[in-house]
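Dear colleague,

Please find below the structure that I am handing over to you. My findings follow directly after it.

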Amino acid sequence: MKFFKEIGKAFFVGSVIFLVVGLIEYFNGWEINSGKELLIRFLYNQWYSVSLYMANSYFFYFIITRYKGEWFKIKHLSKGFLGSIVISLVTIFLLRFIEAVFFKGIAVGEFLRNERPIFYYVSLLISIVVISIFYAVYYYRYVQERKVKEQKIIAGTA
């Protein structure tokens, strides 16, 4: 896996997510009060997006490598998908922890007492959508490569 290529993809995906979420919020009445507020929201969005993307992409490549040509079987796909959800939840928790404890100065105990599942829904939903797109794109590539190989075999035997 090429690290800088993946970072570039992560920033692109994060920017698309920022635009989509921003449009949804705008049409639901959210207003931009200042450029600073917009920049801070963008930076937080990128922080979460890039971290989630990179954590999941490393896991995704691990799954592809481990199961090679068999990773599109249902049991391997389900392992990969469930693993990605767990990795996303852990990553979101760690990002929230760093934000609260190191950036906002909240005590660890207070942070843990105040954590609620509702804080994870939006990030997890976005992450699941991106993971699904990942798997769909790679499945499409897999099917196309398999068709090309079959055509080469047919052409070679003819």
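In which helix does valine 108 lie? Valine 108 belongs to helix H4. Please bear in mind throughout that this is a predicted model.

The nonpolar surface patch

Valine 108 is also one of the residues of a nonpolar patch on the surface. The patch is formed by Val86, Val90, Phe93, Leu94, Val108 and Leu112, and together these residues have about 490 Å² of accessible area. Two elements, H3 and helix H4 (108-114), each give two or more residues to the patch. The largest share comes from H3, with 4 residues.

The packing of H2 against H3

Helix H3 (residues 74-103) also packs with helix H2 (residues 35-67), at an angle of about 150° and with the two axes 9 Å apart. Angles over 145 degrees count as roughly antiparallel, and H2 is therefore roughly antiparallel to H3. The crossing in which H2 passes H3 is right-handed. As to the character of this contact, its residues comprise 13 nonpolar, 8 polar and 3 charged ones.

The packing of H1 against H2

Helix H2 has a further packing partner in H1. Here the angle is about 130°, and the axes are 8 Å apart. Because of this angle, H1 is oblique to H2. H1 passes H2 in a crossing that is right-handed.

A salt bridge also joins these two helices: its partners are arginine 41 in helix H2 and glutamate 25 in helix H1 (residues 3-27). In this pair, the closest N and O atoms are 2.5 Å apart. The two residues are 16 residues apart, and the pair links distant parts of the chain. How many salt bridges does a search of the whole structure find? The search finds 4.

The crossing of H2 and H5

Finally, I turn to H2 and helix H5 (residues 121-157), whose axes come within 11 Å and cross at roughly 40°. This angle makes H2 oblique to H5. H2 passes H5, too, in a right-handed crossing.

For your inspection of the model, I would suggest the contact of H2 with H3 as a starting point, with its 13 nonpolar, 8 polar and 3 charged residues. The salt bridge between arginine 41 and glutamate 25 could follow, and then the nonpolar patch on the surface.

Yours sincerely

Definitions and conventions
Residues are numbered from 1 along each chain as its sequence is written. This is a predicted model: local features need pLDDT of at least 70, side-chain atom pairs count only at pLDDT 80 or more; totals for chains, interfaces and linings use all residues. Side-chain values use heavy atoms; hydrogens and water are left out. Axes are lines fitted to C-alpha atoms, for helices over the stretch in contact, and angles run from 0 to 180 degrees between N-to-C directions. Angles under 35 degrees count as roughly parallel, over 145 as roughly antiparallel, 65 to 115 as roughly perpendicular and the rest as oblique. A crossing is left-handed if the near helix is turned anticlockwise from the far one by less than a right angle, and right-handed if clockwise. Ala, Val, Leu, Ile, Met, Phe, Trp, Tyr, Cys and Pro count as nonpolar, Asp, Glu, Lys and Arg as charged, and the others, Gly among them, as polar. Patches are made of residues with over 30% relative accessible area and no salt bridge: like charges are joined within 9 Å, nonpolar side chains (Val, Leu, Ile, Met, Phe, Trp, Tyr) within 5 Å. Accessible areas come from the Shrake-Rupley method with a 1.4 Å probe; for residues, only the protein chains shown count as cover. A salt bridge is a side-chain nitrogen of Lys or Arg within 4 Å of a carboxyl oxygen of Asp or Glu.
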